[in-house]
Amino acid sequence: MGLFSDILKSDETLFKNPVALEFSFQPKLIKYREEKQHYIASCIKPLLQERDGRNLIITGKPGVGKTVCLKHVLGELEEEYSEEIFCIYVNCWKKDSPFKMVSEICEQVGYKWVHNKRIDELIKAAATIINKKSAVFVFDEIDKLQDHLVIYNLLEEIYKKSLILITNDDGFLSKLDQRVKSRLMPNTLKFEPYSLIQTSGILKQRVEWAFYEEVFNEEILELISKKTFENEDIRLGLFLLKESAEMAEGFAKRKVELDHVNQSLEKINEFKTKDLNYLDKKKQYLLELVKKNNGKTINEIFKIYQDEGGSQTYRTFHRKVKDLESKKLLQLKEEFRGSFGRVTIVEYDTNKKINEF
Ligand SMILES: Nc1ncnc2c1ncn2[C@@H]1O[C@H](COP(=O)(O)OP(=O)(O)OP(=O)(O)O)[C@@H](O)[C@H]1O
Ligand SMILES: [Mg+2]
């Protein structure tokens, strides 16, 4: 090897196909989730025999392949059965009100006259179209939908369907209104985090697609896989691959070195604190309060807040807590506590998503 052959020329790059590192990239095959995909397909299959499908709630931590898997199943279904079945996917974080959600459904089934219509009119219009076939609805991040009663309306109006709801919240089903629950009667499917070997398999595949040969050596891939496995979120691995390769390029290196990965790892911590700095002072203070009182009820925390001199009303306090929840910085969990009835527990969320930084 020549003295300067490890130097990257200014017009060269390490990235063969950078798109393969984007979080929304859809791989052709979703490794290690074959069983899950078969199970999901089995809930949908009755629709192909003109029967009603089964409903499903899918849970699992961030970055364990729920969305990518469901999109894959929908893709296959659409490819073969678009004549018989509508495949509808809605991200309820983006479409977080019943109106936005239903408008999105209308758009996907080709109903365009949504302006100046009430939500019940829209549901009826969509149902008229959908009931000519059957439908699979995937409602991703369903816990972000502001009012779940719309699910009841859809269940009532659409005859042959499978509803698949995806959430990070294991206890989501128990929070649903009884009317929705008793009509939904869902099966449940949990996505567990990937093992170290699986994590490494997924990342190696991405490296092959995204980079030219020999950019990453075994030792470095092992380190990235290990960190990703510990964090239980594939997004961390994708982020580290991209970030460390960009860093190597910045130093005109042909190969990623250990130091580049370590610096990328530091950047994650930096991002976390940076992200918190975006919160206004009151919300930062609130989050600190939750951290210190992790696991207490929202009423208990409000009392502490007042004792410490907080002047906001409960309503404002509650709204801010909800806002922190929507940013996934904390979680609200309902619990039944004997004579106290239902209480809301506030938990500090250490499971922050990398794509939110
Ligand atoms: N088995 C897999 N094969 C290839 N890529 C995967 C696999 N599992 C996850 N990924 C990738 O990891 C990233 C996170 O996956 P995904 O978006 O499906 O997570 P999720 O479980 O829906 O997380 P969240 O709850 O945060 O929405 C995506 O970029 C996805 O392509
Ligand atoms: Mg997802």
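**Figure 1. Surroundings of L173 in the predicted model.** Leaving aside residues up to four places away in sequence, L173 touches I57, K181 and P186, and this, like everything shown in the views that follow, is read from a predicted model. The residue L173 belongs to helix α6, which covers residues 172-175. Because a residue counts as buried only when 20 or more other C-beta atoms lie within 10 Å of its own and as exposed when there are 12 or fewer, L173, with 16 C-beta neighbours inside 10 Å, counts as partly exposed. The view also takes in L184, which is 11 residues from L173 along the chain, with 9.8 Å separating the two C-alpha atoms.

**Figure 2. The protein chain as a whole, for orientation.** The secondary structure of the protein chain amounts to 14 helices and 7 strands, and its C-alpha atoms fill a box of roughly 70 × 60 × 40 Å when this is taken along the principal axes. The protein chain has 357 residues, of which 31% count as buried. Among the contacts in the protein chain with a separation of 6 or more, 70% are accounted for by residues 24 or more positions apart.

**Figure 3. The largest nonpolar core and a second core apart from it.** In soluble globular proteins, nonpolar side chains tend to be buried together. The largest nonpolar core of this model has 42 residues, and of these I88, V136, V138 and I164 touch the most other members. Strand β2, which runs over residues 85-91, supplies the largest share of this core, namely 6 residues. Apart from the largest core lies another one, made of 23 residues, including L21, L203, F211 and V261. For a closer look at one member of the larger group, V138 can be followed to the residues that it touches, which are L70, L74, I88, Y89, I164 and I166 when residues up to four places away in sequence are not counted.

**Figure 4. Helix α2 and its buried face.** Helix α2 consists of 16 residues, from 66 to 81, which at 1.5 Å a residue should span 22 Å, and its end C-alpha atoms are indeed 22 Å apart, so the expected and the computed values agree. The buried residues in α2 are K66, T67, C69, L70, V73 and L77. Seen down the axis of α2, these buried residues fall within an arc of 165°, and they therefore line one face of the helix. The elements against which the buried residues of α2 pack are α1 (34-44), β1 (56-59), β2, β3 (134-140) and β4 (161-167).

**Figure 5. The shell of residues around ligand 1.** Ligand 1 is surrounded by 21 residues, of which P62, G65, K66, T67 and I234 are the closest. Two or more residues of this shell are given by each of the helices α2 and α10, the latter spanning residues 234-250. Sorted by type, the shell around ligand 1 comprises 11 nonpolar, 5 polar and 5 charged residues. Two of the closest residues, K66 and T67, also appear among the buried residues of α2.

**Figure 6. Helix α13 and the glycine that follows.** In helix α13, which covers residues 298-307, the buried residues are I301, F302 and Y305. Because these buried residues fall within an arc of 100° when seen down the axis of α13, they line one face of the helix. They pack against α12 (281-292), α14 (314-326) and β7 (341-348). Just after α13 comes G309, which takes a positive phi of about 100°.

**Figure 7. Two loop residues with positive phi.** Although N116 is not a glycine, this residue has a positive phi of about 60°, and its place is in the loop between α3 (98-108) and α4 (119-130). N116 is exposed, since 6 other C-beta atoms lie within 10 Å. E214, which is not a glycine either, has a positive phi of about 65°, and this residue is found in the loop between α8 (196-210) and α9 (218-231). With 10 C-beta neighbours inside 10 Å, E214 also counts as exposed.

**Figure 8. T13 and Y212, brought together from separate parts of the sequence.** T13 lies in the segment before α1, and with 15 other C-beta atoms within 10 Å the residue T13 is partly exposed. Although T13 and Y212 are 199 residues apart in sequence, the distance in space from C-alpha to C-alpha is 8.6 Å.

Note on methods. Residues numbered from 1 in each chain as written. Chains lettered and ligands numbered in written order. Predicted model: local features only at pLDDT ≥ 70, side-chain atom pairs only at ≥ 80, totals over all residues. Core = buried A, V, L, I, M, F, W, Y, C linked by C-beta atoms within 7 Å. Helix = DSSP H or I, 4+ residues; strand = E, 2+ residues; numbered from the N terminus. Contact = placed C-beta atoms within 7 Å. Expected span 1.5 Å × (residues − 1). Arc of directions from axis to C-beta. Near = placed C-beta within 6 Å. Nonpolar A, V, L, I, M, F, W, Y, C, P; charged D, E, K, R; others polar.
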